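Work through these exercises with the sequence and the 3D view side by side. Try each task before you read its solution.

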Amino acid sequence: MNSSSLGKIFLWLIRPFSFVLKLNGRNRVNRVFPMRNTILWLVVLTSLLLTGCVKYDVGLNFDNSNSGEFVQHIKLGERLTSFSGDSVYEWLNSIERRARKLEGKTQRVSQEEIIVTIPFSSGTELQEKFNEFFNSHANQPSEPVQSKSGSELPKIESNVLLEQSNFLLLVRNRLIYDLDLRSLSLIASKGNVLTNAGSILDLEFSLKTPWGAKNIQLTETAIEPEKNGNRLVWKLQPGELNHIEAIFWLPSPLGIGALLIILFVSGGLYLRYNFMPDPRIQFPPKVAAIQEQ
């Protein structure tokens, strides 16, 4: 993301302070913040004002292999809403519309806080709904918003993959989640990082299963999750490519149901031939009874 597109993103954030710049005069501002470093003071000022202004938690909750839900909890800081106003609220409204489209439900805790719950009944349905909801094209307008220089605003790519192997009573699951947040990195035109986007964004991804999950750490720099009971929580890193893998086992309702039917039928046959008299002896045929008369 170049300086022009980043500058456009932050200009509306500092618009309420434009009167201060006018009072000080253009020459004085230029001496303190040279125009060639405009993006620098924009980032510094914004990072001071918007520390921790967006908290976004995404969680996958599994009950069994055929039942679960993914939940998003979004909370916006007062500073952000006071600066952005209607545009932020419209973003929350668009999240509600997309959730209803995927048969989900929303809970509006407050004007700045929302909880979205979308159910799924299989691994395939989870992938379809999750990727459709978080797909960058669904989050963007039909025509990309561009700055005056023609550069597009940053896009976020999100993709979840769930590989399942059925072992009759249990299902082995391998979850792979890739989230590309490199477009959120605040960089200057020469590629030098100016500030940490993590000071503005608080992003978490969690996985909850009945028996817990095992994190797969492929590299030394991979995100190490925090364990809280049967839940694993990953702290996502803005400005980086986040890769998460985990393995967990789930009960199979179909396999368990089939086993119960087999046990029930086997138990009935066992009782029938071992603890109950032979019906041929207890109830002789009618023909034989007539002949005896």
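The exercises below go from the whole chain to helices, strands, loops and surface.

This is a predicted model, in which local features need pLDDT of at least 70 and side-chain atom pairs count only at pLDDT 80 or more, while totals for chains, interfaces and linings use all residues. Residues are numbered from 1 along each chain as its sequence is written, and side-chain values use heavy atoms, with hydrogens and water left out.

**Exercise 1. The whole chain**

Find how many helices and strands the protein chain has, and what share of its residues is buried.

Solution.
- Step 1: Take the DSSP runs, numbered from the N terminus: helices are H or I with at least four residues, strands are E with at least two.
- Step 2: The protein chain has eleven helices and 13 strands.
- Step 3: Sort residues by relative accessible area: buried is under 20%, exposed is over 50%, and partly exposed is in between (1.4 Å probe, protein chains only).
- Step 4: Of the 293 residues, 37% count as buried.
- Step 5: Turn to contacts (heavy atoms within 4.5 Å). Among those with a separation of 6 or more, 65% join residues 24 or more positions apart.

**Exercise 2. Two helices**

Compare the reach of H6 and of H7 with the expected span.

Solution.
- Step 1: The expected span is 1.5 Å times one less than the number of residues.
- Step 2: H7 covers residues 123-134, twelve in number. Its reach from first C-alpha to last is 16 Å, close to the expected 16 Å.
- Step 3: H6 has 16 residues and reaches 23 Å, close to the expected 22 Å.
- Step 4: Look at what is covered. Buried residues of H7 include Leu-126, Phe-130 and Phe-134. In H6, Tyr-89, Leu-92 and Ile-95 are among the buried ones.

**Exercise 3. The partners of S12**

Which strands are joined to S12 by bridges, and in which direction do they run?

Solution.
- Step 1: Two strands pair if DSSP finds at least two bridges between them.
- Step 2: Five bridges join S9 (201-208) to S12 (231-235), and these strands run antiparallel. Ser-206 has Val-233 as its bridge partner.
- Step 3: Three bridges join S11 (226-228) to S12, again antiparallel. Here Lys-227 is matched with Leu-232.
- Step 4: S11 and S12 form a hairpin with two residues between them. Gly-229 in the turn has a positive phi of about 70 degrees.

**Exercise 4. Positive phi without glycine**

Where do Glu-103 and Leu-168 lie, and are they buried or exposed?

Solution.
- Step 1: Recall the rule: most residues other than glycine have a negative phi.
- Step 2: Glu-103 has a positive phi of about 65 degrees, although it is not a glycine. Glu-103 sits in the loop between H6 (86-101) and S3 (105-110).
- Step 3: Glu-103 counts as exposed because its relative accessibility is 60%.
- Step 4: Leu-168 also has a positive phi of about 65 degrees. Its loop lies between S5 (157-167) and S6 (170-180).
- Step 5: Leu-168 counts as exposed because its relative accessibility is 57%.

**Exercise 5. A nonpolar patch**

Which helix gives the most residues to the nonpolar patch?

Solution.
- Step 1: The patch covers about 950 Å², and its members include Leu-168, Trp-211, Trp-249 and Leu-260.
- Step 2: Helix H9 (253-274) gives the most, with four residues.
- Step 3: Leu-260 lies in H9. Leu-260 is exposed because its relative accessible area is 54%.

How values were computed. Patches are made of residues with over 30% relative accessible area and no salt bridge: like charges are joined within 9 Å, nonpolar side chains (Val, Leu, Ile, Met, Phe, Trp, Tyr) within 5 Å. Accessible areas come from the Shrake-Rupley method with a 1.4 Å probe; for residues, only the protein chains shown count as cover. A salt bridge is a side-chain nitrogen of Lys or Arg within 4 Å of a carboxyl oxygen of Asp or Glu.
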